[in-house]
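Me: Please take a close look at one part of this model and set out its surroundings in detail. I would then like the account to move outward to other parts of the chain, as one connected answer.

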Amino acid sequence: MSSSRVVASRLKAWFAQRGWQPFKFQREVWRAVADGRSGLLHATTGAGKTYAVWLATLQAMMKPQPVRKLTSAAAKARAPVAEPLTLLWITPMRALAADTERALRQPLEALLADGDLRPWTLGARTGDTSSSERQAQSRRLPTALVTTPESLSLLLARADAQEALCKVRMVVVDEWHELMGNKRGVQVQLALARLRGWSPGLCVWGMSATLGNLDEAMHTLLGAEPGLLVQGQQPKQLTIDTLLPAQAERFPWAGHLGLRMLPQVVAELEGSASSLVFTNTRSQAEVWYQALLEARPDWAGLIALHHGSLDHGVRDWVEQGLKAGQLKAVVCTASLDLGVDFLPVEQVLQIGSAKGVARLMQRAGRSG
């Protein structure tokens, strides 16, 4: 049996163990990557975009372990060497890298359990990566690397960049709507141009849940290269309401940060088992978190704060608490409207106006 069929069979069993069935759009991406095609995947938040592209990569690119006749002593001395850097997974924010790495690791470990496939290693390289891990990556990069546009640019500036990156066969750009149209998106485009020069036939896939002009988005990512547009599940019905003060009054021109609406927000959180409270800046998130704790001290340990300036361990604790359903509310910034996977919360509150309708819909999609 070919390695692709072995991988496909094991992934099917892995899905079945969790009571899952692959969606039509996931199977479409798996076929496209197997044929070496690039493209853009547009599907709703939580629909399974990550597994669509990641499992497609594993099926298409994992190789069988070569059979060697070795003595027992030689076999122990010669451990299998992992594949070189094959996949680059670009996330727009370093806060998402750890969660993405966890999501990718689960099916990878299941595939490698029998030891008959060439081993793949998995790692992340962002601003959160420790110095010891960076030194290890300087000696040998993992087979699949989760990174950000800035960290990838630094990798490309290394003296041995071509030698280290010339075997990359797949690049995934997660949350493409967050990068397209700004300087970080240009960083990605320049990096792709360099990688294509070193790796002809490079497969590139973008993923997003909130893109408007899909054809333009795909052309911006792929350039002149033809691509396949894959549409996922249809968006769910969203209900948007507006909290208003009990009586009309004149607000200060600046500096109030909406805190006069604190009683209404507390009332909304009381009536819901789980909520996300989005703010537009980190300082605003800090202010609202403290205000909620002062208003309800009994919520200590049940509400949390999440933004990109917090320690990686703190962010990880909050994300795990959301996944386990242990938190009543999390005050957050854009660090939780992208990429981090958890079950939908009951409601989402947006303090002030979001920076665009697409971002508001992205955040609203976190609710059930």
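Reply:

**Phenylalanine 15 and its surroundings**

Phenylalanine 15 has a relative accessibility of 4% and therefore counts as buried, the limit for that class being under 20%. The model is predicted, and every value given here is computed from it.

The aromatic rings offer a starting point. The count of aromatic pairs comes to 8. In one of them, the ring centres of phenylalanine 15 and tryptophan 20 are 5.5 Å apart and the planes meet at 85°, so the pair is edge-to-face; planes over 60 degrees apart fall in that class. The two partners are placed in separate accessibility classes: phenylalanine 15 is buried, whereas tryptophan 20, with a relative accessible area of 35%, is partly exposed. Another pair, formed by phenylalanine 23 and phenylalanine 25, is stacked, with 5.8 Å from centre to centre and 15° between the planes. In this pair phenylalanine 23 is partly exposed at 33% relative accessibility, while phenylalanine 25 is buried at 2%.

Phenylalanine 15 also belongs to an aromatic cluster, whose members are Trp14, Phe15, Trp20, Trp30 and Tyr51. Some of these residues reappear where two helices meet. Helix 1, residues 3-17, packs against helix 3, residues 49-61, at an angle of about 145°, and their axes are 9 Å apart. On the side of helix 1 the contact involves Ser4, Val7, Ala8, Leu11, Trp14 and Phe15; helix 3 contributes Tyr51, Leu55, Leu58 and Gln59. By class, the residues of this contact divide into 8 nonpolar and 2 polar, with no charged residue. Trp14, Phe15 and Tyr51 are thus part of the helix contact as well as of the aromatic cluster.

Farther along the chain lies a sheet. It is open and consists of 4 strands in the order 9-10-8-11, with parallel pairing. Strand 9 (303-306) and strand 11 (347-350) are the edge strands, each pairing on one side only. From one strand to the next the twist averages 20°. Within the sheet, strand 8 (residues 275-278) and strand 10 (residues 329-332) run parallel and are joined by 4 bridges; valine 277 stands opposite valine 331 of strand 10. Helices lie across these strands. Helix 12 (residues 262-270) crosses strand 8, strand 10 and strand 11, and runs at about 170° to strand 11. Helix 14 (residues 312-324) lies across strand 8, strand 9 and strand 10, at about 130° to strand 9.

Two loop residues complete the account. Threonine 148 sits in the loop between strand 4 (144-147) and helix 7 (149-156). Its relative accessible area is 5%, so threonine 148 is buried. Leaving aside residues up to four places away in sequence, threonine 148 touches Ile90, Thr91, Met93, Arg94, Arg125 and Thr126.

Proline 84 lies in the loop between helix 4 (72-77) and strand 2 (87-90). With a relative accessible area of 30%, proline 84 is partly exposed. Although proline 84 and proline 142 are 58 residues apart along the chain, their C-alpha atoms are separated by 6.7 Å. Pro142 is also one of the residues that proline 84 touches, together with Arg140, Thr143 and Lys167, when residues up to four places away in sequence are not counted.

How values were computed. Residues are numbered from 1 along each chain as its sequence is written. This is a predicted model: local features need pLDDT of at least 70, side-chain atom pairs count only at pLDDT 80 or more; totals for chains, interfaces and linings use all residues. Side-chain values use heavy atoms; hydrogens and water are left out. Buried means under 20% relative accessible area, exposed over 50%, partly exposed in between (1.4 Å probe, protein chains only). Contact means heavy atoms within 4.5 Å. Rings of Phe, Tyr and Trp (its six-membered ring) pair if their centres lie within 6.5 Å; planes under 30 degrees apart count as stacked, over 60 as edge-to-face and the rest as tilted. Axes are lines fitted to C-alpha atoms, for helices over the stretch in contact, and angles run from 0 to 180 degrees between N-to-C directions. Ala, Val, Leu, Ile, Met, Phe, Trp, Tyr, Cys and Pro count as nonpolar, Asp, Glu, Lys and Arg as charged, and the others, Gly among them, as polar. Two strands pair if DSSP finds at least two bridges between them.
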